[in-house]
Structure formats: C-alpha cells, structure tokens
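Subject: Handover of a structure and findings

Dear colleague,

Please find below the structure that I am passing on to you. My notes on its strands and cavities follow the display.

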Amino acid sequence: MSDNTLPRAVVLVSGGMDSAVTIAIAREQGYQVHALSVAYGQRHGSELEASARVARMLGAVEHKTVHVDLRSIGGSALTADIDVPLDQESTGIPVTYVPARNTIMLSIALGWAEVLGSRDIWCGVNAVDYSGYPDCRPAFIEAFEKLANVATKAGVEGQGLRVHAPLMSMSKADIAREGERLGVDFAETVSCYQADAQGRACGHCDACRLRAQGFRDAGLPDPTRYV
C-alpha cells in the first residue's frame, strides 16, 4: 500500500542501471515514486520490460508507459536503420543520440507531475561516464527546470517545480556502488543498445562497455547477462 502522506515524484525509468538507482535514491529520500517509461520506437522492447520489473522491485506505487513514435523521424541508430557502433569508443555526439529524446521524456513527465500534484521530477542523466549526449548535461537540466516553471499552471502559480538529476556528477563506478548500498538488483536492469528479446546484452556497444567498466572500477561482480 502507498503512503499518501509522502510527497509524490515522477521518476523517468528506462530499465537501465542509472534510472534504477535514481528510483532507489528518490525512495530513500522519502518520495512516493510514480515511475514513467517512454516507448519511443527504440530497437528492442526488453528495456521496457526491464522498466516494469525495476519499478515494481524498487517500490514504485505505479508504473506508466507512454507511447511516442520517434522512429517516424529517425535520425538515430536507436530509431532508424543505422548500425550501432561496436567495439569502438564513440567521439563527439554519437549516432546513438536520439534527437530531442530527453526533452520529450521530461515534457511528458512534467505533464504527469502537474496532473498528480507533484513538484518533483527525477531522471538518471549523467555527465561523467556518458556518450556525449547534449541532453545529459547540467545546462540542459537547469534550462528545462526554468522552462517547467514558466510553461505550466503549477509553475506560474508558484508551486515551484524541480528537476532532480542525482547521478549527474557520478561515475559509473559511483553509480554501481550507490546501487549496491541501496540494494538495487542490477541483474534485473538492461542497458545494452541492442539487447535481445530476453534482455541479454551484446557486450560490445558503448552502453555495455561503460556498464562493464563501472562494475570493474567499483570492484563489484557484473550481473549482466550477455548473448
């Protein structure tokens, strides 16, 4: 049963390790978590299945999946017929960047937060061990929070909407250690850009390499299931 005396938070959940730790941090800080995933036309559905597992496992009071067709505009290796780079470190902004994805996801989270009467949106973006995405940087989160407070009824009436990005300055090793402390079962998460239908990882894309290195640097066993 949920405790309706707790403040409500909308937490974006992708099914990966970062968003799982973000839910756990929000719960530890006393929020009632309303988990939100976006089916945007990504390559595989296993990350969405992982999102549901993670939300349930970490005590979200509900989990909602909203469908948005970003495949119709393409422009990314995750939403179009463009190969995901394997066994090589991407430079600059890589082809796995999905145009406007985080802006769209946060906008949906903002709408739901306003409906729920929540003042808090949480997301697992990270500016340290990331793939160069412009929408994973502090400037983007700060700008979106400003937008949220001038673009909504809640904001202009003075409720003060906040966007929390607790992992922003953490390395993947820091995130792995924090998840271990909070009891996150990383075996239930999926990070791979091209995981198979069972959620098994390729072990070769940027996301897989960053995740594996994070567990190594943290001195923790890697629970990832590989193909």
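**Strand S2 and its neighbours**

Val10 stands opposite His34 in S2. The model is a predicted one, and everything reported here was computed from it. The pair belongs to a parallel arrangement in which strand S1 (residues 8-12) is joined to S2 by five bridges. Between these two strands the chain passes through H1, and the resulting β-α-β crossover is right-handed.

S2 also pairs with strand S3 (residues 62-67), again in the parallel sense, over six bridges. Here Val38 is the residue that stands opposite Val66 in S3. S2, H2 and S3 together form a right-handed β-α-β unit.

Are the residues of S2 mostly covered or uncovered? The strand is mostly covered, with eight of its eight residues buried. In a regular strand, side chains alternate between the two faces of the sheet. In S2, Gln32, His34, Leu36 and Val38 point one way, while Val33, Ala35, Ser37 and Ala39 point the other way; all are buried. His34 and Val38, named above for their partners in S1 and S3, thus belong to one of these two sets.

**Cavities**

How many cavities of 30 Å³ or more does a search of the whole structure find? There are two.

The largest cavity has a volume of about 800 Å³. Its lining comprises 39 residues, and those nearest its centre are Ser14, Asp18, Arg101, Tyr133 and Tyr193. Two or more lining residues come from each of helix H1 (17-28), strand S2 (32-39), helix H2 (46-57), helix H3 (101-116) and helix H7 (206-218). H3 contributes the most, with four residues. By residue class, the lining of the largest cavity divides into 20 nonpolar, twelve polar and seven charged residues. S2 thus appears in both parts of this message: it pairs with S1 and with S3, and it gives residues to the lining of the largest cavity.

The second largest cavity holds about 90 Å³ of space. Its lining consists of 13 residues, of which Thr189, Val190, Gly199, Ala201 and Thr224 lie nearest the centre. Seven of the residues that line the second largest cavity are nonpolar, four are polar and two are charged.

With kind regards

Key
Residues numbered from 1 in each chain as written. Predicted model: local features only at pLDDT ≥ 70, side-chain atom pairs only at ≥ 80, totals over all residues. Heavy atoms only, no water. 1 Å grid on protein atoms, 1.4 Å probe; cavity = no way out; pocket = protein on both sides within 12 Å on 5 of 7 lines; lining within 4 Å. Points joined across faces, edges and corners; volume = space filled by probe spheres on them. Nonpolar A, V, L, I, M, F, W, Y, C, P; charged D, E, K, R; others polar. Buried < 20%, exposed > 50% of the residue type's maximum accessible area, 1.4 Å probe, protein only. Pairing = 2+ DSSP bridges. Right-handed = clockwise from strand over helix to strand, strands pointing away.
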